[in-house]
Amino acid sequence: DNTWLIEPVDKGDGILRMLDRIGGNPDEVVVFGDGLNDISMFRKPFFSVAMGNAQPELKQLADYITDDNDKGGILHACIKFGWI
């Protein structure tokens, strides 16, 4: 039994296409990432949050850097910005 994982070529484009289908506003999108495969999401108009354990290149593009993903980084960012 084989398992295949295929990363999308452009995650940012995928988000925009989804928003187009549901009538969403790109200015209201928050993206979280830690790897180089997330770079395509770290662009305007999205608000980008890099995990504390993220690749340095991603941290340079981020609007905000939170804690590591295994230390509650997403939760901490969401609380900080009042999203939850």
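**Notes on the salt bridges and the nonpolar core**

1. Let me start with Arg-43, which has a relative accessible area of 30% and is therefore partly exposed. Please keep in mind that this is a predicted model. The salt-bridge partner of Arg-43 is Asp-10, with 3.5 Å between the closest N and O atoms. This pair links distant parts of the chain, 33 residues apart: Asp-10 sits in the segment before helix H1 (11-22), and Arg-43 in the loop between strand S1 (30-33) and strand S2 (47-50). Asp-10 is also partly exposed, because its relative accessibility is 29%.

2. How many salt bridges does a search of the whole structure find? The count is 4. Besides the Asp-10 and Arg-43 pair, two others deserve a closer look, and I take them in turn.

3. Lys-11 and Asp-38 form a salt bridge through their side chains, at 2.7 Å from N to O. Lys-11 belongs to helix H1 and Asp-38 to the loop between S1 and S2, so this contact ties together parts that lie 27 residues apart in sequence. Are these two residues buried or exposed? Lys-11 has a relative accessibility of 18% and Asp-38 one of 6%, and buried means under 20%, so both count as buried.

4. The next salt bridge joins Lys-44 and Asp-63, whose closest N and O atoms are 2.7 Å apart. Here the loop between S1 and S2, which holds Lys-44, is linked to the loop between helix H2 (56-61) and strand S3 (64-65), which holds Asp-63; the two residues are 19 apart. Lys-44 counts as exposed because its relative accessibility is 60%. Asp-63, at 34%, is partly exposed.

5. While you are at Lys-44, do check the backbone that follows. The peptide bond between Lys-44 and Pro-45 is cis, with omega at about 15°. Pro-45 is part of the loop between S1 and S2.

6. Phe-42 lies in that loop as well. Its relative accessibility of 6% is why Phe-42 counts as buried. Leaving aside residues up to four places away in sequence, Phe-42 touches Val-31, Phe-32 and Gly-33, then Ser-48, Val-49 and Ala-50, and also Leu-58, Leu-61 and Ala-62. From Phe-42 to Asp-63 the C-alpha separation is 8.5 Å, across 21 residues of sequence.

7. Which residues make up the largest nonpolar core? There are 11 in all, including Phe-42, Val-31, Met-41, Phe-46 and Ile-15. Ala-50, Leu-58 and Ala-62 are also among them, and each of these three is in contact with Phe-42. Val-31 has contacts of its own beyond four places in sequence, including Ile-15, Met-41, Phe-42 and Phe-46. Phe-47, Ser-48 and Val-49 also touch Val-31.

8. Strand S1 gives a neat pattern to look at. Its side chains alternate: Val-31 and Gly-33 point to one face and are buried, whereas Val-30 and Phe-32 point to the other face and are not buried. S1 pairs with S2 in the parallel sense, over 4 bridges. As an example of this pairing, Phe-32 has Val-49 as its bridge partner in S2.

9. For your own look at the model, the loop between S1 and S2 is a good place to begin. It contributes Arg-43 to one salt bridge, Asp-38 to another and Lys-44 to a third. It also carries the buried residue Phe-42 and Pro-45, the latter joined to Lys-44 by the cis peptide bond.

Technical notes
Residues are numbered from 1 along each chain as its sequence is written. This is a predicted model: local features need pLDDT of at least 70, side-chain atom pairs count only at pLDDT 80 or more; totals for chains, interfaces and linings use all residues. Side-chain values use heavy atoms; hydrogens and water are left out. Buried means under 20% relative accessible area, exposed over 50%, partly exposed in between (1.4 Å probe, protein chains only). A nonpolar core is a set of buried Ala, Val, Leu, Ile, Met, Phe, Trp, Tyr and Cys residues joined through side-chain atoms within 4.5 Å. Contact means heavy atoms within 4.5 Å. Two strands pair if DSSP finds at least two bridges between them.
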